[in-house]
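Thank you all for coming; I would like to walk through one model this morning, taking charged pairs, then a pair of strands and their neighbour, and then the empty spaces. Please keep the view open while I talk.

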Amino acid sequence: MTKFTIDITSDPVCPWCYMGKIRLERAISLYQKVYPGGRHDTFRVAWHPFYLEPDAPAGRPGVPWAERHAQKFGDADDGARGRHLREQLAAKGRQHGLDFSFGGKIGSTRDAHRLNGLAGRMEKEEEEGPGLQDRVVMQLFRNFFEGEADITSRGMLADVAEQAGMGHRADMLEWLESGEGGSEVDEEARWAREEGQMKGVPRFVVQGKHVIDGAQDEQAFMEAFVKVKEEGEGEPAKSVSSSLGGSDPGAAASCAPGGSCS
């Protein structure tokens, strides 16, 4: 039996990170159905922070997604570019069973990443068992993209924490107000941007060595899983997408700092 580990670097306001995770889940399900003995293998996901809005001030309420697009693209075309992007992403979302409303409010995601980091630490300490951090991250995606939530709202984050099983809402809100874990999140996000040379998200790293940049299709993940099984451990990290026939890693769907998604 192989115990797969998958590290995902993302931001909760990144639509391609949400869709990329759905593609990963589909790939895992397919692998466990078709790969010999695959149903016995296990998968554990860990999430890491990236700031798509690095200059967004912490502690301020978010602004509507459409308004943020108008700020980025300007009003000369009456918001046509922003509407076109939202329509494209909404169509892609429906292909993944997602109902993007784009009514959420965007701003600093530092507190959301702090909560994700706490969930990850609790999971490692086995206080709540495997899957805790993943539940938190996926609920944040749902709340923001489909529930029109303000990603900066500590009240919303405390609700998510309680729903995921992290603790009582009041305790989670108190922890969020404390600012604990902020410097660690900032440093990890800085490392991803500078040392990891990441230009956008999502990024998936399978077994600490197979790198998949962008929300690529299930084939990329399947190839990574098979490589782990057939090659064993000890090889250096490499881009799976570079070896896929006809696949261009630079063209993979992703979002870059400033919120530009393609």
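Asp111 and Arg114 are both buried, where buried stands for under 20% relative accessible area, exposed for over 50%, and partly exposed for what lies in between, computed with a 1.4 Å probe on protein chains only. This is a predicted model, in which local features need pLDDT of at least 70 and side-chain atom pairs count only at pLDDT 80 or more, while totals for chains, interfaces and linings use all residues. Residues are numbered from 1 along each chain as its sequence is written, and side-chain values use heavy atoms, with hydrogens and water left out.

The side chains of Asp111 and Arg114 meet in a salt bridge, with 2.8 Å from N to O; by salt bridge I mean a side-chain nitrogen of Lys or Arg within 4 Å of a carboxyl oxygen of Asp or Glu. Both residues belong to helix α4, where three residues, about one turn of the helix, set Asp111 and Arg114 apart. Helices (H or I, at least four residues) and strands (E, at least two) are DSSP runs, numbered from the N terminus.

A second salt bridge joins the side chains of Arg169 and Asp159, at 2.4 Å from N to O. That pair links distant parts of the chain, since Arg169 sits in helix α7 (residues 169-178) and Asp159 in helix α6 (residues 154-164), 10 residues apart. Arg169 has a relative accessible area of 31% and is therefore partly exposed, and Asp159, at 29% relative accessibility, counts as partly exposed too.

Turning to helix α8, Arg190 forms a salt bridge with Glu194, the closest N and O atoms being 2.8 Å apart. Arg190 and Glu194 are separated by about one helical turn, because they are four residues apart in helix α8. Arg190 counts as partly exposed at 23% relative accessibility, as does Glu194 at 42%. This pair also takes part in a network of salt bridges that links Glu187, Arg190, Arg193, Glu194 and Glu195. Over the structure, the count by this rule comes to 17 salt bridges.

Now to the strands. How are the faces of strand β5 (residues 203-206) covered? Arg203 and Val205 on one side and Phe204 and Val206 on the other are all buried. In a regular strand the side chains alternate between the two faces of the sheet.

Strands β1 and β5 run antiparallel and are joined by four bridges, two strands being paired if DSSP finds at least two bridges between them. Within that pairing, Thr9 stands opposite Arg203 in β5. Four bridges also join β5 to strand β6 (residues 210-213), again antiparallel, and here Val205 stands opposite Val211 in β6. The hairpin of β5 and β6 has three residues between the strands, and in it Gln207 takes a positive phi near 60°.

That leaves the empty spaces. On a 1 Å grid over the protein atoms alone, a cavity is a set of points where a 1.4 Å probe fits but cannot get out, and a pocket is an open set with protein on both sides within 12 Å along at least five of seven lines, lining residues having an atom within 4 Å of a point. Grid points are joined across faces, edges and corners, and a volume is the space filled by probe spheres set on the points.

The largest pocket holds about 520 Å³ of space. It is lined by 27 residues, of which Ala46, Trp47, His48, Lys124 and Gln133 are the closest to its centre. Helix α4, which holds the buried pair we began with, supplies the largest share of this lining, eight residues. By class, the lining of the largest pocket divides into nine nonpolar, nine polar and nine charged residues, where Ala, Val, Leu, Ile, Met, Phe, Trp, Tyr, Cys and Pro count as nonpolar, Asp, Glu, Lys and Arg as charged, and the others, Gly among them, as polar.

How many cavities of 30 Å³ or more does a search of the whole structure find? The search finds one, and the largest cavity has a volume of about 70 Å³. Among the residues that line the largest cavity are Val13, Trp65, His69 and Cys261, and helix α2 (residues 65-73) gives the most to this lining, with four residues.
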